[in-house]
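Here's a quick tour for anyone meeting this structure for the first time. Have a look at the sequence and the model, then come back for the notes below.

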Amino acid sequence: MEQLIFVLVMLALGYGFGRLAEQRHYKSIHEREDALRSLLVLPEKTPPPQYLNHNSTLVTGSVVISVDYFKTFVAALRTLVGGRVSSYESLLDRARREAILRMQEEAAAQGAEAVLNLKFETSRIGQNGQQGLGSVEVLAYGTAFIPAAGR
Amino acid sequence: MLISNMEIVPSKRVVQHLGLVQGSTVRAKHAGRDIMASFKNVFGGELKGYTDLLSESRDEAVARMTEQATALGANAVINVRFSTSSIAAGASEIFVYGTAVIVEDR
């Protein structure tokens, strides 16, 4: 009985705080995406001709995002019946977009016009050998193109 | 040192290839951070401590790669790739590799 109450309390905490954190995060993602819209990010390998005289440098952005108790619980139920695990989908979506935003911010700070050859790297940070997700790390990196001075 | 993850360096010409250079580091988080992280696993949200730790270790790996490239006499590393793997509970390896080259202005 006590265990059941413990699980229910954890679920309620996870649901409440997790939802709040997710809503807040999405709001900030949308705002910053709007602000950085003019900085192009392309997965293109070859630079377009107008960038051929620019300087280039590596830029990276990374984020580690944790699951909450509710998401873990829902995902565990979902694995019984199969199908889309939407609770993890939104988690990874947030992590990727946040990583791109941080990379864009780094590029913008250096006065870049565009970031090319975007690559992602996703890794799981497990918790004490348990199964389940724990937290995910997403790294986004690319080459920033900075207009050369005096040209 | 110019570092880029593209094969072409705009406005520069690759004069000489010097081969593969790499840098890696294995980092662990301290127990305090692990305990904080397990609390976070209930509430959700970003783990700032881990984000900082991983970007520090990435800088370290890039610094090691740059050191190798400098020793070879290169002035740029192109086609850089990152790779992360968790090798044990609480420790992860950051690996970065690229091609050391000598470039000159076109």
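Right after α3(A) comes Gly111(A), with a positive phi of about 80 degrees. The model is a predicted one, so keep that in mind as you read. Chain B has its own case of a glycine after a helix: Gly73(B) follows α2(B), and its phi is positive too, near 90 degrees.

**The helix before Gly111(A)**

- α3(A) is 24 residues long, and its first and last C-alpha atoms are 35 Å apart, close to the 34 Å expected at 1.5 Å a residue.
- Its list of buried residues includes Leu91(A), Ala95(A), Ile100(A), Leu101(A) and Met103(A), and Arg94(A), Glu98(A), Arg102(A) and Gln104(A) are on that list as well.
- What sits over those buried residues? The cover includes α1 (2-35), β1, β2, α2 (69-81), β3 and β4 of chain A.
- Take Ala99(A) as an example: leaving aside neighbours within four places in sequence, it touches Gly61(A), Ser62(A), Val63(A), Val138(A), Leu139(A) and Ala140(A).

**The helix before Gly73(B)**

- α2(B) has 25 residues, which should span 36 Å at 1.5 Å a residue, and the C-alpha atoms at its ends are indeed 36 Å apart.
- Its buried residues are Tyr50(B), Leu54(B), Arg58(B), Ala61(B), Val62(B), Met65(B), Gln68(B) and Ala69(B).

**Two asparagines with positive phi**

- Most residues other than glycine have a negative phi.
- Asn117(A) goes the other way, with a positive phi of about 55 degrees, and you'll find it in strand β3 of chain A.
- Asn79(B) also has a positive phi of about 55 degrees without being a glycine, and it lies in strand β4 of chain B.
- Buried or partly exposed? Asn117(A) is buried, because 22 other C-beta atoms lie within 10 Å, while Asn79(B), with 15 C-beta neighbours inside 10 Å, counts as partly exposed.

**The nonpolar core**

- The largest nonpolar core holds 45 residues, and the ones with the most contacts inside it are Ala99(A), Met103(A), Val115(A) and Val77(B).
- Both chains chip in: β2, α3 (86-109), β3 and β4 of chain A, plus α2, β4 and β5 of chain B, each give two or more residues to this core.

**The sheet within chain B**

- Four strands of chain B make an open sheet, in the order β1-β4-β5-β2, with mixed pairing.
- At the edges are β1 (2-3) and β2 (12-28) of chain B, which pair on one side only.
- β2(B) runs antiparallel to β5 (residues 91-105) of chain B, with 15 bridges between them, and Thr25(B) faces Ile94(B) across that pairing.
- Helix α2 (residues 48-72) of chain B packs on this sheet, where it touches β2, β4 (76-88) and β5 of chain B, and its direction is at about 140 degrees to that of β2(B).
- β4(B) and β5(B) are antiparallel over 10 bridges, with Phe82(B) partnered by Val96(B).
- β1(B) and β4(B) are parallel, over two bridges, and Leu2(B) has Ala76(B) as its bridge partner.

**The sheet that spans both chains**

- The other open sheet to look at has five strands in the order β1(A)-β3(A)-β4(A)-β2(A)-β3(B), again with mixed pairing.
- β1 (40-41) of chain A and β3 (44-46) of chain B each have a single partner strand, so each has one side without a neighbour in the sheet.
- β2 (residues 55-68) and β4 (residues 135-146) of chain A pair antiparallel over 12 bridges, and Ile65(A) stands opposite Val136(A) there.
- Helix α1 (residues 31-43) of chain B packs on this sheet, touching β2 and β4 of chain A and β3 of chain B, at about 75 degrees to β2(A).
- α2(B) packs here too, against β2, β3 (114-125) and β4 of chain A and β3 of chain B, at about 150 degrees to β2(A).
- The link between chains is β2(A) with β3(B), antiparallel over two bridges, where Ile65(A) has Glu46(B) as a partner.

**Where the chains meet**

- The contact involves 31 residues of chain B and 46 residues of chain A.
- On the chain B side, α1, β3, α2 and β4 each supply at least two residues.
- That same side divides into 14 nonpolar, 14 polar and three charged residues.

Key:
Residues numbered from 1 in each chain as written. Chains lettered and ligands numbered in written order. Predicted model: local features only at pLDDT ≥ 70, side-chain atom pairs only at ≥ 80, totals over all residues. Pairing = 2+ DSSP bridges. Contact = placed C-beta atoms within 7 Å. Axes fitted to C-alpha atoms, helices over the stretch in contact; angles between N-to-C directions. Nonpolar A, V, L, I, M, F, W, Y, C, P; charged D, E, K, R; others polar. Expected span 1.5 Å × (residues − 1). Buried ≥ 20, exposed ≤ 12 C-beta atoms within 10 Å, placed from the backbone. Core = buried A, V, L, I, M, F, W, Y, C linked by C-beta atoms within 7 Å.
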